[in-house]
Amino acid sequence: MATERTRKRRTATAALTGLLALAVLLSIALGAEPLTPGQVWHGLWHASGSEGDVIVRSLRLPRTVTALVAGVALGAAGALMQGHTRNPIADPVVLGISAGAGMGVVASLFLIGVSSLYGYVWFGFLGAALAGTLVYAVGALTRGGATPVTLALAGAAAHALFTAVTAGMVLFDRQALETYRFWTVGSVAGQPLELTAKALPFVLAGLVLAALNTPGLNALSLGEDVARMLGVRIGPTRAVGMAAVTLLTGTAVAMCGPIGFVGLVGTHVARYFSGPDYRWIVAQAALIGAALMLLADTLGRLVARPGELQVGIMLALIGAPVFIQLVRRREAVRI
Amino acid sequence: MTTDVRTGRRKAVVPGRTPLRAGPVSAVWRPRTLLIPLLTLAVLLLGVLVNCGRGDIDIPVGDVARALLGMGDETNRSVVTELRLPRSVTGALVGAALGLAGAVVQGLARNPLASPDVLGITAGSGVGAVTVIVFGGAYGGVGGSLGDIGIPAAAMAGGLVAALLVYLLAVRRGLTGFRVLLVGVGVNAILTSVLSWLLLKADIVDAGRALLWLNGSLNGASWDTAQPVLWVLVVLLPVALLLSFPFGALVFDEDTARGLGVRMTATRVALLFTAVLLTAAATASAGPVAFVALACPQLAVRLLRTGTPPLLASALVGAAVTVWADVLGRTAFGAVELPVGILTAALGAPYLLYLLIRSGRARTS
């Protein structure tokens with residue numbers, strides 16, 4: 001028999017899945033060019049070459065899929081990071097991991113000349129792993145462990161470092177600069193479906209690792225000593241978590257640039273629904289992350305018609321105030 | 001312990017130290033307080049000489065020195081004083097302003113990690129200036145009065161708005177809590193995304209210029225860019241020195257400081273305003289040169305072995321570090337000249353990480 005709590009969690013997950021489905025529909029239906037529901041429906045099933053069909057099939061559908069995949073990845077990564085650092089402010093961008101992945105991608109694009117996703121995604125992983133290790137090491141070396149302040153500042157330092165190196169690489173190459181300035185904002189537009197399909201295996205692998213990691217994470221959130229007593233092997237559990245975060249963040253950044261605050265906001269909303277159980281938090285954070293990405297992207301298309309506000313900017317404008325409010329109200333206690 | 005007890009007969013002494021007394025003011029003679037700044041000054045001057053020697057035609061350090069003193073080759077003299085000196089002087093002034101601003105903020109917040117960059121003030125100045133560059137310029141050049149007055153004024157306004165925002169959001173029981181740093185990180189994130197949006201709106205020429213500027217560059221430095229920082233420094237350095245007199249009392253907690261007669265709110269607001277103006281002036285002429293304001297006061301503290309960041313020494317260290325970072329950026333990578341801000345970020349970020357590990361006392365609220 002399911003307990004009261006499990007029933008609540010199931011209801012919440014179902015509601016969130018519904019929200020995600022709604023977000024997908026909105027993302028396909030709304031945009032700079034107003035289309036009637038009939039046109040959208042027609043475009044989804046027939047490629048007749050009319051303007052509406054082209055908009056739906058070659059613009060809105062690809063970006064919806066990209067936002068969905070990236071949002072799931074970032075949401076799950078954020079939840080894992082918050083669990084492993086036991087820190088309410090952990091997020092790929094806040095901890096500088098996105099900047100590290102960005103540096104890897106830019107270095108492989110402009111220094112080595114890699115141009116396929118299968119080529120540069122590995123450099124993205126490398127950069128993400130490097131940044132993650134750096135920030136984690138600072139947290140581990142600090143007396144008293146990684147408090148939110150230490151982590152946030154270490155993340156800010158790592159972010160500044162990697163961004164400076166990235167800027168140094170693109171500054172004197174006009175072609176590179178042109179690509180970089182669009183990429184660095186974080187956007188899901190203009191990404192062909194094939195590229196997202198190529199990125200999908202990495203995200204799926206990351207999600208599998210994340211799912212495998214959650215029971216261990218639950219034990220770890222009781223403290224390392226208790227976890228060890230419960231039979232959890234600390235080292236491997238941390239390593240699997242790190243690998244999942246690296247895969248998910250690295251792929252998301254390689255796909256659509258450094259997008260922040262998806263994981264941060266997603267995890268906190270998920271925690272509100274599921275309490276402390278990471279099996280539910282990670283799953284729900286992935287759902288919320290995807291819904292958030294889609295809604296932010298759709299909103300960004302609507303507020304600045306006929307142009308658009310990129311999803312990265314929209315999320316910073318939505319997410320950073322949430323972050324500030326979190327820091328103000330909860331006094332940034334450790335989880 | 002520098003004490004002046006006006007009412008008591010006995011004068012306080014620090015054992016083993018020679019006291020210096022002048023009327024109501026007294027201090028303790030420490031050789032370091034004089035030696036280290038002089039040494040820093042020497043390092044700064046050497047950096048300026050080396051930097052002036054760099055260029056299309058390399059001039060040896062000795063010839064640069066002679067040219068600066070008005071002797072030697074006519075061509076060398078005009079090249080050094082008219083073309084190359086402005087770059088070094090701007091760098092030194094910008095570094096000094098940032099070092100001073102950092103020392104003021106760190107002394108005020110009693111926190112080695114507080115600085116205009118962490119608190120988002122620099123990013124605010126950046127948003128202000130880039131707005132003018134992107135919307136006011138034509139093909140990468142903002143000319144005339146708009147360039148001369150518009151960019152500094154916009155940088156100043158942006159920095160003030162950012163500082164006000166952080167202050168209002170964070171100050172509940174004083175600036176000292178670590179909350180202010182986290183709020184700064186959040187405000188920084190918003191401003192950075194606004195910046196990248198502005199870069200997107202821009203024409204590619206403007207974007208190149210703005211990105212170069214955003215990374216803190218001395219490439220376009222001339223006597224005109226040096227002047228605003230110079231005036232701001234000339235006015236605000238004495239102001240900062242006078243206002244920071246209560247720093248000694250701020251070492252204790254806030255209640256004690258208030259008990260000792262420090263007017264906390266007025267002093268804090270005035271000092272913060274000073275720091276914002278210094279940062280904005282520096283940012284307006286060279287762009288946000290990262291981490292100078294954070295690292296240099298800490299270097300000065302360690303060199304002088306004082307409790308709070310020493311203002312003058314911080315300014316000197318800031319100047320020396322900025323000029324040498326510029327030298328490094330121009331020489332270390334062959335034909336590529338990296339903007340000074342990239343160098344200071346690459347050097348300063350590891351230093352911040354080191355400070356974080358060292359301080360370890362980062363509390364949670």
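Me: Hi! Which residues of chain B does the UniProt annotation "transmembrane region" cover?
Reply: Hi! According to the unreviewed UniProt entry, that annotation covers residues 34-52, 89-109, 121-142, 149-170, 176-200, 229-252, 272-296 and 331-357 of chain B. Keep in mind that the model in front of you is predicted.

Me: Cool. What does the model show for residues 34-52 of chain B, helix or strand?
Reply: That span of chain B is 100% helix and 0% strand. Its end C-alpha atoms lie 27 Å apart.

Me: And how much helix is there over residues 331-357 of chain B?
Reply: There the chain is 70% helix, with 0% strand. The end C-alpha atoms of residues 331-357 are 31 Å apart.

Me: How many helices and strands does chain B have in total?
Reply: Chain B comes to 14 helices and 2 strands.

Me: What about chain A, how many of each?
Reply: Chain A has 13 helices and 0 strands. Reading from the N terminus, its elements run α-α-α-α-α-α-α-α-α-α-α-α-α.

Me: Back to chain B. At what angle do α3 and α12 pack?
Reply: Helix α3 (residues 74-109) and helix α12 (residues 292-304) of chain B pack at about 75°, and their axes are 7 Å apart. That angle makes α3(B) roughly perpendicular to α12(B).

Me: Which residues meet there?
Reply: From α3(B) you have B:Gly95, B:Leu98, B:Gly99, B:Ala101, B:Gly102, B:Ala103 and B:Gln106. They meet B:Val292, B:Ala293, B:Leu294, B:Cys296 and B:Pro297 in α12(B). By class, the residues of this contact divide into 8 nonpolar, 4 polar and no charged.

Me: Nice. What sits in the loop between α11 and α12 of chain B?
Reply: One residue to look at in that loop is B:Phe291. Its phi is near 70°, a positive value in a residue other than glycine.

Me: What sign does phi have in most residues other than glycine?
Reply: Most of them have a negative phi.

Me: Is B:Phe291 buried or exposed, and why?
Reply: B:Phe291 counts as buried because it has 32 C-beta neighbours inside 10 Å. The cut-off for buried is 20 or more.

Me: Which residue in chain A has a positive phi although it is not a glycine?
Reply: A:Phe261 is one, with a phi of about 75°. You can find A:Phe261 in the loop between α10 (234-256) and α11 (262-274) of chain A. A:Phe261 has 30 C-beta neighbours inside 10 Å, so it counts as buried.

Me: Changing topic: how many residues of the two chains are in contact with each other?
Reply: In chain B, 38 residues are in contact with 43 residues of chain A. On the chain B side, α6 (179-201), α7 (204-214) and α14 (340-359) each supply at least two residues. The largest share comes from α6(B), with 13 residues.

Me: What classes of residue make up that side of chain B?
Reply: The side that touches chain A has 29 nonpolar, 8 polar and 1 charged residues.

Me: What is the radius of gyration of chain A, and what would a compact globule have?
Reply: Chain A has 20 Å, which agrees with the value near 20 Å for a compact globule because the chain has 335 residues. Its C-alpha trace spans about 65 × 60 × 35 Å along the principal axes.

Me: Last one: what percentage of each chain is buried?
Reply: Buried residues make up 56% of the 335 residues in chain A, and 54% of the 365 residues in chain B.

Conventions
Residues are numbered from 1 along each chain as its sequence is written. Chains are lettered from A and ligands numbered from 1 in the order in which they are written. This is a predicted model: local features need pLDDT of at least 70, side-chain atom pairs count only at pLDDT 80 or more; totals for chains, interfaces and linings use all residues. Axes are lines fitted to C-alpha atoms, for helices over the stretch in contact, and angles run from 0 to 180 degrees between N-to-C directions. Helices (H or I, at least four residues) and strands (E, at least two) are DSSP runs, numbered from the N terminus. Angles under 35 degrees count as roughly parallel, over 145 as roughly antiparallel, 65 to 115 as roughly perpendicular and the rest as oblique. Two residues are in contact if their C-beta atoms, placed from the backbone, lie within 7 Å. Ala, Val, Leu, Ile, Met, Phe, Trp, Tyr, Cys and Pro count as nonpolar, Asp, Glu, Lys and Arg as charged, and the others, Gly among them, as polar. The radius of gyration is taken over C-alpha atoms; the globule rule is 2.2 Å times the number of residues to the power 0.38. A residue is buried if 20 or more other C-beta atoms lie within 10 Å of its own, exposed if 12 or fewer, and partly exposed in between; C-beta atoms are placed from the backbone. UniProt positions are given in the numbering used here, feature names are shortened, and annotations may be inferred rather than shown by experiment.
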